[in-house]
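Open the model in your viewer and keep the selection tool at hand. The stops below go from one selection to the next.

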Amino acid sequence: MTKPTASTERRYLSGFGNEHASEAVAGALPQGRNNPQRAPFDLYTELLSGTAFTAPRHENRRSWLYRRQPSVVSGRYQPYAQAHWTTGADRAIALPPEPLRWHPLPLDGGAAEADFIDGMHTVAANGDAESQVGIGSLMYLAGRSMERRAFVNADGEMLIVPQQGRLVITTELGVLDVKPGEIALLPRGMVFKVALPDSDAGAGPSRGYVCENYGAQFRLPELGPIGSNGLANARDFQAPVAAFEEDGGAYELVKKFGGRFWKAPTKQSPFNVVAWHGNLAPVKYDTANFMVIGSISFDHPDPSIFTVLTSPSDTPGTANCDFVIFPPRWMVMENTFRPPWFHRNLMSEFMGLVLGEYDAKPGGFKPGGASLHNCMVPHGPDEEAFDKATHADLKPHKLDNTLAFMFESRYRFIPTNFALKSPALDTDYADCWAGLQDQFKP
Ligand SMILES: [Fe+2]
């Protein structure tokens, strides 16, 4: 593989959960029977399974990797210090029963020196990686590419939502270029590293959100009466073509394993997979390809209509995590209060803003910020949004240049000490509703 740069024209394989096959060197993929006694070119054969062997066929994900050295070849592991990436619900923390919001985490401070791994901060988390339940909601602030450092997360898959700065994500299966507006989904256990071409070019640190999913893998939601087309279409997910690093030499492999961090030296690049086939692959997706569905008469449907990916729990329809986006869209409903109504939900909502303005909070919610509305915590449009929406002239109107999202979970999120003590915590958040007067006029 040539060293990934921002200008490299990348090739991708289209589809989500599809069987793909890709070889960086012609003839490296075994043909005919699955795995012969000796793989072509004497590569090592290695399986990466993302589900239990006996998971139902429609959920079963695994890929076969043909590589120059198996991933078991590494030096000894030693503890690695990563203070801000915590795992699961910390029940020692008193969870405030009110809406919480954070201003954008500042990009000054140590962000410029940190890479994608060292710059990771858990903002809030629920569940427990050991039980394979729940998610972590994280933000990264990073200004440095991972050069000869690689990372592997044994605790969960990672859904990455860049907010500022492009990412070049080198994985065992190939390379993904991901820019703000796009997302990347990296399977549990797959080795990767992240380069920051914009930060490298002097544009300053990069920032984004991550869902670390300890639970069932993300998949496309069922479409029900919508039919066979709509929301995120499978063909718009892009997996990388096989690519491997030619240059030899040592790497440091950082591993997240049971909530702890470890490091080990490797003599060779872990990006040494020459060919692969299977249906477990890293993918990227451009949210601009999301087919938005909404009301074309009056009122609005529940925000589940904006679900891109879902990680189910064992209760049907009650997700471990739904990844939901609020992209640009037309508002055409008649006699309707168009922003979200005031509400208290069973599901807990961690929300972020990639760009623009969110219609329920036109002023206070900034790109790079976050909000947390836990189970049964009341929230809704702020005073300004309420006033505007109740008096608006309801002409067709396009919400443009905006992208907000939610990690929505059945489990309450507990913010970390880092998040609760951060100067970015908006201690005046509740004031945005304080001016809503009793307007009852019998
Ligand atoms: Fe909400």
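Select His 379 in this predicted model. His 379 is buried, with a relative accessible area of 7%. Now add the iron ion and show what holds it. The protein donors are His 343 through NE2, Glu 349 through OE, listed twice, and His 379 through NE2. They lie 2.0 to 2.6 Å from the iron ion.

Is His 343 buried or partly exposed? His 343 is partly exposed, at a relative accessible area of 22%, while His 379 falls under the 20% limit for buried residues.

Next, look at the angles at the metal. Among the 4 donor atoms they run from 55 to 152°, and the site is irregular. A tetrahedral site would need all angles between 85 and 135 degrees. Along the chain, the donors of the iron ion follow the spacing H-x5-E-x29-H. His 343 sits in the loop between β23 (329–331) and β24 (348–355), and His 379 in the loop between β25 (370–373) and α2 (383–391), so the pair ties together parts that are 36 residues apart in sequence.

Stay in the loop between β23 and β24 and select Phe 342, which lies there too. Phe 342 is partly exposed, with a relative accessible area of 36%. Add Trp 341 and Leu 436 to the selection: with Phe 342 they make a nonpolar surface patch of about 270 Å².

The next stops are aromatic rings. How many aromatic pairs does a search of the whole structure find? The search finds 22. Select Phe 151 and Phe 192 for one of them: the pair is edge-to-face, with 5.6 Å centre to centre and 80° between the planes. Phe 151 belongs to strand β9 (residues 149–153) and Phe 192 to strand β14 (residues 192–195), so this pair links distant parts of the chain, 41 residues apart. Both rings belong to buried residues: Phe 151 has a relative accessible area of 0%, and Phe 192 has 2%.

For a second geometry, move to Tyr 429 and Trp 433. Their ring centres are 4.8 Å apart and their planes meet at 55°, so the pair is tilted. Tyr 429 is buried at 2% relative accessible area, and Trp 433 also counts as buried, at 15%.

Finally, go back to Phe 151 and Phe 192 and extend the selection to Trp 85, Phe 116, Tyr 140 and Phe 261. Together these residues form one aromatic cluster.

Conventions:
Residues numbered from 1 in each chain as written. Predicted model: local features only at pLDDT ≥ 70, side-chain atom pairs only at ≥ 80, totals over all residues. Heavy atoms only, no water. Donors = N, O, S within 2.8 Å, 3.2 Å for Na, K, Ca; no water. Tetrahedral: all angles 85-135°; square planar, octahedral: opposite > 155°, others 65-115°. Helix = DSSP H or I, 4+ residues; strand = E, 2+ residues; numbered from the N terminus. Buried < 20%, exposed > 50% of the residue type's maximum accessible area, 1.4 Å probe, protein only. Patch = residues over 30% accessible without salt bridge, like charges linked within 9 Å, V, L, I, M, F, W, Y side chains within 5 Å. Areas by Shrake-Rupley, 256 points an atom, 1.4 Å probe, with all protein chains shown as cover. Salt bridge = Lys/Arg side-chain N within 4 Å of Asp/Glu carboxyl O. Phe/Tyr/Trp six-rings, centres within 6.5 Å; stacked < 30°, edge-to-face > 60°.
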